[in-house]
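Subject: Handing over a structure

Hello,

Here is the structure I promised to pass on to you. Have a look at it first, and then read on for what turned up in it.

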Amino acid sequence: MADDDKEPSGAEKMFGDFAPALVGFTDDVLFGQVWKRPQLSSKERSLVTVACLTTSGNTDQLVYHLGLAKDNGATEDELIEAITHLAFYAGWPKAMTAITVAKEVFAA
């Protein structure tokens, strides 16, 4: 399939006309290169990403990455356990916020 015929990425749908350079970096570098590196599996990368987003309180991105983590083989139980574990390292409020987001994502 030619580039013109491929389905636009999520970033392209959201910001393609507004921030094309950011879309290019997201699609080509982050997901095209970094996420493809063989040193970590996609599931491991997802767990690390969910942990980072939880600890930094970035819940908008957490919504997407919880779904991606499931697509990459993480179970809901594993994700809930990871967030629970983070309560003791990232802080209770951040973990409570992340678990609220996870509950909403998993119910959808």
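Let me start with one pair of helices: α3 and α4 cross in a left-handed manner. The residues that make this contact are S46, T49, V50, L53 and T54 on the α3 side, and Q61, L62, H65, L66, L68 and A69 on the α4 side. Sorted by class, the contact of α3 with α4 holds six nonpolar and five polar residues, and no charged ones. As for the geometry, the axes of α3 (residues 42-56) and α4 come within 9 Å, and their crossing angle is roughly 160 degrees. Because of that angle, α3 is roughly antiparallel to α4.

Before going further, please keep in mind that this is a predicted model.

Now for the overall picture. The chain contains six helices and zero strands, so to speak an α-α-α-α-α-α pattern when read along the sequence. Its C-alpha trace spans about 45 × 30 × 25 Å along the principal axes.

**α3 again, this time with α5**

Helix α5 covers residues 76-90, and α3 packs with it at an angle of about 40 degrees, the two axes being 10 Å apart. α3 and α5 are therefore oblique to each other. Here α3 passes α5 in a right-handed crossing. From α3, the contact uses K43, L47, V50, A51, T54 and T55; from α5, it uses E78, L79, I83, L86 and A90. By class, the contact of α3 with α5 comprises seven nonpolar, two polar and two charged residues. If you compare the lists, you will find V50 and T54 of α3 in the contact with α4 and also in the contact with α5.

**α4 again, this time with α6**

Helix α6 takes in residues 92-107, and its axis and that of α4 come within 10 Å, crossing at roughly 55 degrees. That angle is why α4 counts as oblique to α6. The crossing in which α4 passes α6 is right-handed. On α4, the residues involved are T59, L62, V63, L66, G67 and K70, while α6 brings T97, A98, V101, A102, V105 and F106. The contact of α4 with α6 divides into eight nonpolar, three polar and one charged residues. L62 and L66 of α4 take part in this contact, and both also belong to the contact with α3.

**The largest pocket**

Which residues lie nearest the centre of the largest pocket? They are A11, T26, F31, Q61 and Y64, out of a lining of 15 residues. The volume of this largest pocket is about 390 Å³. At least two lining residues come from each of α1 (10-15), α2 (20-30) and α4 (59-71), and α2 gives the largest share, with five residues. In terms of class, the lining has eight nonpolar, five polar and two charged residues. One residue to look up in the viewer is Q61: Q61 is among those nearest the centre of the largest pocket, and Q61 of α4 is also part of the contact with α3.

I hope this helps you find your way around.

Best wishes

Key:
Residues numbered from 1 in each chain as written. Predicted model: local features only at pLDDT ≥ 70, side-chain atom pairs only at ≥ 80, totals over all residues. Heavy atoms only, no water. 1 Å grid on protein atoms, 1.4 Å probe; cavity = no way out; pocket = protein on both sides within 12 Å on 5 of 7 lines; lining within 4 Å. Points joined across faces, edges and corners; volume = space filled by probe spheres on them. Helix = DSSP H or I, 4+ residues; strand = E, 2+ residues; numbered from the N terminus. Nonpolar A, V, L, I, M, F, W, Y, C, P; charged D, E, K, R; others polar. Axes fitted to C-alpha atoms, helices over the stretch in contact; angles between N-to-C directions. Parallel < 35°, antiparallel > 145°, perpendicular 65-115°, else oblique. Left-handed = near helix turned anticlockwise from the far one by under 90°. Contact = heavy atoms within 4.5 Å.
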